[in-house]
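Visitor: I would like to know how the labels given to parts of a structure are justified. Please go through a few of them with me.
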There are 4 protein chains.
Amino acid sequence: MRTKYRVGILGATGAVGQKFVEILDGHPWFEITALAASERSAGKRYKDATNWIGSTPIPASVADQVVVHGTPGIDCDFVFSGLPGGIAGEVERSFAEAGYPVISNARNYRMVDNVPLLIPEVNPDHIALIDTQTFSDDGFIVTNPNCSTVGLVCALKPLMDAFGVEIVQVTTLQALSGAGYPGVSSLDILGNVVPFIGGEEDKLVNEPKKLLGTLGNAGIDMADITVSPQCNRVPVLDGHMLCISAKLRTSATPEEVRAAFLGFKSPIADLDLPTEPEQLLQVFDAPHQPQPRRHAAHGRGMTVSIGRIRDCEVLDVKFVALVHNTVRGAAGGAVLNAELLVKKGYLKPRHAAVTA
Amino acid sequence: MRTKYRVGILGATGAVGQKFVEILDGHPWFEITALAASERSAGKRYKDATNWIGSTPIPASVADQVVVHGTPGIDCDFVFSGLPGGIAGEVERSFAEAGYPVISNARNYRMVDNVPLLIPEVNPDHIALIDTQTFSDDGFIVTNPNCSTVGLVCALKPLMDAFGVEIVQVTTLQALSGAGYPGVSSLDILGNVVPFIGGEEDKLVNEPKKLLGTLGNAGIDMADITVSPQCNRVPVLDGHMLCISAKLRTSATPEEVRAAFLGFKSPIADLDLPTEPEQLLQVFDAPHQPQPRRHAAHGRGMTVSIGRIRDCEVLDVKFVALVHNTVRGAAGGAVLNAELLVKKGYLKPRHAAVTA
Amino acid sequence: MRTKYRVGILGATGAVGQKFVEILDGHPWFEITALAASERSAGKRYKDATNWIGSTPIPASVADQVVVHGTPGIDCDFVFSGLPGGIAGEVERSFAEAGYPVISNARNYRMVDNVPLLIPEVNPDHIALIDTQTFSDDGFIVTNPNCSTVGLVCALKPLMDAFGVEIVQVTTLQALSGAGYPGVSSLDILGNVVPFIGGEEDKLVNEPKKLLGTLGNAGIDMADITVSPQCNRVPVLDGHMLCISAKLRTSATPEEVRAAFLGFKSPIADLDLPTEPEQLLQVFDAPHQPQPRRHAAHGRGMTVSIGRIRDCEVLDVKFVALVHNTVRGAAGGAVLNAELLVKKGYLKPRHAAVTA
Amino acid sequence: MRTKYRVGILGATGAVGQKFVEILDGHPWFEITALAASERSAGKRYKDATNWIGSTPIPASVADQVVVHGTPGIDCDFVFSGLPGGIAGEVERSFAEAGYPVISNARNYRMVDNVPLLIPEVNPDHIALIDTQTFSDDGFIVTNPNCSTVGLVCALKPLMDAFGVEIVQVTTLQALSGAGYPGVSSLDILGNVVPFIGGEEDKLVNEPKKLLGTLGNAGIDMADITVSPQCNRVPVLDGHMLCISAKLRTSATPEEVRAAFLGFKSPIADLDLPTEPEQLLQVFDAPHQPQPRRHAAHGRGMTVSIGRIRDCEVLDVKFVALVHNTVRGAAGGAVLNAELLVKKGYLKPRHAAVTA
């Protein structure tokens, strides 16, 4: 591949923005040319504007870049959006209208009819919805799911294909990084559990219907799947754990379910996307695994781990799934979306022709 | 009440034994006359034999008592057993055969036909099973449920009475103290979740059937209730949180379910048992409550807290329940059992005739 | 004592304010008549205006009281101030000028010449500084020390009396509650240590000089003691641990130092103040004690725990001290100050004559 | 370099042993040919014999290797010892006597006169002590320091060289992994601090004298440095934090001390040892840094991080130092020692002549 795509990051100094910076460090296709944030940060060097919360150093390639104000006009071929929901709606639309492809992690456009809600291994064909968008000639919006949804849907996809899934009960144990920074007060969560995450359960009810839906002429035909979620915050840094019970349309033994997980073939495996993990799904047989602190980062945070597959006394099968919420569930998922868009021809050097 | 009952504690130096000591401090009816432990501890003063893990000082009344070896012959009217399951079976039987009433927190005899598995507010009539025991003239065994079971069953009881309960999905987030001491390694659980607790799910499947069953001429007629549990260990000190979905036999709205919780009348309220809490159940309406660290100790650890009552997309109703696992779920539950036995005439000064 | 003093709490909805409410519940001398907070909270019931973070329920006596705006004119004989330093300076002065005694936990007036910085067991005579204040006829300000300082000074006082103390090296491991609410982000501190607390080290350098100083005709003669502090935040809820090395003016063995701690006589013991603990200092001999989670609440949070007394390779003696930072180090210390002021005749029913 | 050295690991299934396995994965010079453990594990595949506690998968190259009993005769050129102190003394000697070079992390031989206690960047010349050992023709023992000592000494070395260091006060906040597995009970440390670590303070007093000592004809001339340590366990996974105050022989400003840290030249930089970090020391200027969770793994865990350099009110200078206790402080330090030994000619293919 010739020169790299020039990438902007909206909300670059926030928690999700920092994760984009971390993941894009050394990316073979993308290079960060615009670190965009609020006016307060604009003009400062990234390392001075940012309270870097990662455990690896700020990549040298961006540490001294000057932060710009996040408005259309910034120098890049497309943008990743790590903006909070409160402002993402307006800002992302303004970028799309100004001709920028927007690869968003925000919640705002996920359930909008002509916006793809995308997991490349699950519903890559949904990107065709882009063709129906009318923001501008070149601008469009693509989204990735909520951080707990993505773990659920990656786990359900092989079961959907093999047996059909009708009903899901899911209780989540979600990590602190899902709440952003500063996010959850330490006084609220040290040695504690909070049995509520605002807005989370609605996303787990609705997003799977779209993600597992079928693309037709009239848009997405929602999947007929009923999800009943209960969401908890737990004192874990990274990695959402999901305790799942599922009713299948064709019944299956735990062994058959296990085989379905292991036999899942990624529909994009032949595209050689740099961020796609070797395995979408990893199955643990030891009963006390997977665990968020130990296994969430497997597959560089892009693999979803499955464990404890067994009969359910009420539905058909029970198991746990673990997803790295800030990688697969946020920045990493968005980067993989962008890579798919490259391969499918939706991203092109935007101002390159102009400036070259 | 005249002189206090003379109480022995089996496993007095362990985690559960320490909780017995803490709860019995200043008890109006019971005084500890025998702190029993292994031969290794026998002969030492309690404060020297015990690695006291509580956050209040060792009660002065027992600190200097000499620990005795836990075999029949120890000086007391009845014993509380905080023994681990590995040895409780044999030791408890030997005490019952030697004529001691055994109020046990261990798992061994819970599901035995003629042994009461007892929560005084739920199934007080089950103590009549004692009359069918044949260990000895005066000796018998009474048990309290597993620490997560008790939270589930206290929450289900009012629903059982009001609507009937057919099916339950429950995911637990369980505290570290449930594993005893030293129990869970800090390297395994700090900032982590372990999605497995050995033997726990079986208990949640089976014990509710007995607890909610009906005493008939042929013993307990098991309740027709199907429970599907998923158990997790979380980095919380005390307080098991349960995320529950239930299918009722007569459907009910969340408001009706809430009213059933609030309207529950304890069948033993008129007995004035010292350890019975003012309320068996406490209902929180704020969505982020209850929380283990903040609410598990309400009602001196004997109250079960309920929250987030709402419709379930799959079954009828969802809610969370919180139980203090080492108080209501262990030592406190056993002490309440003993108090009920006193009032019902099953405990009497054992060697009093001899010594008087 | 006849009717109780009518007490106002400034900053009643904040973390320190909540601790005042908790500690004053059932107080034999004081009753809360004014819960004061910002205009935003004024007019709401306390239970609605407050995100209650305690692990005991909101006291029934205040739950439904209506919060008032914290300006002079509120109905009370004196005020406790739990205000943050950013606004305490101005508000506390306005109350003192309006004739209210102000018992403050804030940092602002601690080092002001004619304001007592008070630990009743350490420097009760310093309250005479009140006589030199000129805010108004009846109004004055009294302060308690910073939460880590109070632990250090309570531990040093017996050594100062017995041997003199010249030099102190102290490294602190401080709890999260010292930072207020929401305070420290969970992402910053879970499984982590932050080796810095803004402004804390200066307080540990300076406040001991005043607390251990001598009241003379010209005010406080500062103690000649050099303190070198290093302050760390650790993932502990309550209880600041201090690792102390001290150079004494007269050398002493660890045994003599231990005896000095145990032999300390409180100069106010005969006043029977309700909040004074039985022991100011408690000495642990087991090497792994005291520990914040297990021992900070001993003596209802008013006792300072000492342990690991031993020779120092560099100075004379080393030991650790543990103080409950929100009780002895904040609200409890202020309440004890108020009790001393009552006994010494500095507090009187303020508007009683007017309203009676 | 031609074929790799064949390496044995004693205690391969334990916590330190696992870290050796992790660090040696893909090592350019060393390959593991013998995973040695107790008889109980011998004969099992490594992945079955080991409760793997790391957050990266077991390296594929060793997962299926069969564990051998750890006695002389195992197939390797030299051994790393991750044995616990209780058995390391005897086992390591038996290997040295059988002709194996032993690169040990255990405490047993550290202070023995003719055994090098080695940090390659600090005292590489001490390896000459090997020549005075008499275990056997080819066998010898080399040790690395205690995990907190190595952080202290790496930080002191530049100051020793530039100004001389006479006195050190150090308070440690030590991670859980330093206690091995299962190590510290979660009930003891969650939300808590334990102000004692058995044997740790003695090591901090004594080991620096040898590490900073001078090699002479009669062995090591101990450095004249007095260390007063206070050691605490904190709920952190990896990374020991040290709060250090030092008295220099030639006084220096914080700026000069900072310059000494930054100007330190590793005496082995030209050897290109694979495990030597780019920088032995990294200096942070932000006051709230370094932090164990965020910075301990910098330099792949081999860099020591310094921060908060400032004047001390009592001695000359204060600062904090952070060291990754299981990498630089254990397995990584031992591997670096082995690399130095290779370059200096002390390691050679042991049975190569036999097998070739």
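Guide: The questions below concern a predicted model.

Visitor: Why is Asp272(C) called exposed?
Guide: A residue is exposed if 12 or fewer other C-beta atoms lie within 10 Å of its own. Asp272(C) has 9 C-beta neighbours inside 10 Å, so it counts as exposed. The residue is found in the loop between α8 (254-262) and β12 (281-283) of chain C, and its phi is near 55°, a positive value in a residue other than glycine.

Visitor: What makes Arg300(C) partly exposed?
Guide: Buried starts at 20 such atoms and exposed ends at 12, with partly exposed in between. Arg300(C) has 14 other C-beta atoms within 10 Å, so it is partly exposed. Arg300(C) lies in the loop between α9 (292-295) and β13 (304-311) of chain C. Its phi is also positive, about 50°, although Arg300(C) is not a glycine.

Visitor: What makes the peptide bond from Gln289(D) to Pro290(D) cis?
Guide: Its omega is near 0°. Pro290(D) is in the loop between β12 (281-283) and α9 (292-295) of chain D. Another cis peptide bond joins Tyr181(D) and Pro182(D), with omega about 0°. Pro182(D) is in the loop between β7 (165-174) and α6 (186-189) of chain D.

Visitor: How is chain D laid on chain C?
Guide: A turn of 180° and a shift of 0.0 Å along the axis do it, with an RMSD of 0.0 Å. That is the relation of a two-fold axis.

Visitor: How do you know that the copies meet through the same surface?
Guide: 100% of the interface residues of chain D are also interface residues in chain C, so the surface is the same.

How values were computed:
Residues numbered from 1 in each chain as written. Chains lettered and ligands numbered in written order. Predicted model: local features only at pLDDT ≥ 70, side-chain atom pairs only at ≥ 80, totals over all residues. Least-squares fit on C-alpha atoms with pLDDT ≥ 70 in both. Contact = placed C-beta atoms within 7 Å. Helix = DSSP H or I, 4+ residues; strand = E, 2+ residues; numbered from the N terminus.
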